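Colleague: Got a minute to walk me through this fold? I'd like to start with the sheet and finish with the rings.

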Amino acid sequence: MTTSKHASRTQPSRMLRYSLSILLIFICERVTAFSTLSTTNMDTSSTALLQSSIAIPSDGGTSIPQVQTEKPKVVEKQVESPANIEKLSGFSELGTVLDNVPQNELTVVFYHASYCKICQRAQIKYKRLASMASEKAQFTSMEASKIPAADLKSLGINRFPWIQIWRNRQCVSALAPGASYSSIPRVMESLEKCKNRSRTEWLEMALQLQVSQDALDKLCEE
């Protein structure tokens with residue numbers, strides 16, 4: 001009897017200890033699971049906070065704009081005419097200029113065309129000439145590519161470039177300058193001849209010179 005009672009008392013104690021052990025293990029597992037979940041939530045929250053702090057857009061972000069460097073504009077260098085070269089648009093303007101020139105003074109006209117390459121080179125020499133001989137004559141230029149060929153021929157202009165020297169509304173000399181610098185002394189020589197002609201020489205040329213004056217007057221009337 002004594003042994004049976006002792007065994008009955010011992011069995012509940014073991015079961016209690018076993019139950020307590022099971023409960024302790026369960027509690028430990030729950031605590032461990034809770035700690036893992038908390039850590040994961042904290043990492044997620046930290047990531048979300050970091051993303052919000054750098055303002056990442058929802059569409060995946062805006063790429064950094066590339067700095068676009070503009071290509072330098074090529075500016076064509078245009079050589080302006082010297083102040084002593086007057087630009088003419090037609091024969092009417094030429095007539096007006098000649099009317100305002102003092103008597104017996106000389107006026108040089110340089111006829112050129114925009115499509116003429118030789119004219120472009122000849123213009124450089126003509127500008128040089130105008131700066132060298134500004135005291136000998138008045139210098140003008142006329143872009144004549146749009147002037148009818150018949151009008152040009154009526155004044156003896158049959159090619160480009162072409163130079164005429166006028167005096168008292170009459171063409172007293174003409175030459176094709178070409179593109180070389182040799183045109184400068186040729187024009188200078190013509191200017192000297194016109195300056196040094198005597199009254200008798202001018203009278204001998206009167207009928208010939210009158211033809212150019214009549215042609216110019218006709219062109220100015222049109």
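What follows is a short back-and-forth about this predicted model.

Colleague: Which strands stand at the edges of the sheet?

Modeller: It's an open sheet of 5 strands with mixed pairing, in the order E1-E3-E2-E4-E5. A strand at the edge has a single partner strand, so one side of it is left without a neighbour in the sheet. That description fits E1 and E5 (170–175).

Colleague: In E4, what is the bridge partner of Tyr111?

Modeller: Tyr111 is in strand E2, and E2 pairs with E4 in the antiparallel sense over 6 bridges. Follow the pairing across from Tyr111 into E4 and you land on Trp162.

Colleague: H3 packs on the sheet, so what angle does its direction make with that of E2?

Modeller: Helix H3 covers residues 117–132 and touches E1, E2, E3 and E4. H7 also packs on the sheet, touching E4 and E5, with its direction at about 105° to that of E5. For H3 against E2, the angle is about 160°.

Colleague: Why do the buried residues of H2 line one face of the helix?

Modeller: The buried ones in H2 (residues 91–100) are Phe91, Leu94, Gly95, Val97 and Leu98. An α-helix has 3.6 residues a turn, so residues three or four places apart point the same way. On the other side of H2, Asp99 and Asn100 are exposed. Seen down the axis of H2, the buried residues line one face because they fall within an arc of 165°.

Colleague: Is the pair of Phe91 and Tyr111 stacked, edge-to-face or tilted?

Modeller: Phe91 is in helix H2 and Tyr111 in strand E2, 20 residues apart, so you'd check the ring geometry: centres within 6.5 Å make a pair. Their centres are 6.4 Å apart. The planes sit at 45°, and since stacked needs under 30 degrees and edge-to-face over 60, the pair is tilted.

Colleague: And which residues form one aromatic cluster?

Modeller: Start with Tyr126 in helix H3 and Phe139 in strand E3, 13 residues apart. Their rings are edge-to-face, 5.8 Å centre to centre with 65° between the planes, and both residues are buried. Add one more ring and you have the cluster: Phe110, Tyr126 and Phe139.

Colleague: Over the face of which residue does Arg197 lie?

Modeller: There are a couple of charge-over-ring contacts to look at here. The charged end of Lys125 sits over the ring of Tyr181, 4.8 Å from its centre. Arg197 is 5.0 Å from the centre of its ring, and that ring belongs to Trp202.

Methods: Residues are numbered from 1 along each chain as its sequence is written. This is a predicted model: local features need pLDDT of at least 70, side-chain atom pairs count only at pLDDT 80 or more; totals for chains, interfaces and linings use all residues. Side-chain values use heavy atoms; hydrogens and water are left out. Buried means under 20% relative accessible area, exposed over 50%, partly exposed in between (1.4 Å probe, protein chains only). Helices (H or I, at least four residues) and strands (E, at least two) are DSSP runs, numbered from the N terminus. The arc is that of the directions from the helix axis to the C-beta atoms. Rings of Phe, Tyr and Trp (its six-membered ring) pair if their centres lie within 6.5 Å; planes under 30 degrees apart count as stacked, over 60 as edge-to-face and the rest as tilted. A charge sits over a ring if NZ of Lys or CZ of Arg is within 6 Å of the ring centre and within 35 degrees of the ring normal. Two strands pair if DSSP finds at least two bridges between them. Contact means heavy atoms within 4.5 Å. Axes are lines fitted to C-alpha atoms, for helices over the stretch in contact, and angles run from 0 to 180 degrees between N-to-C directions.
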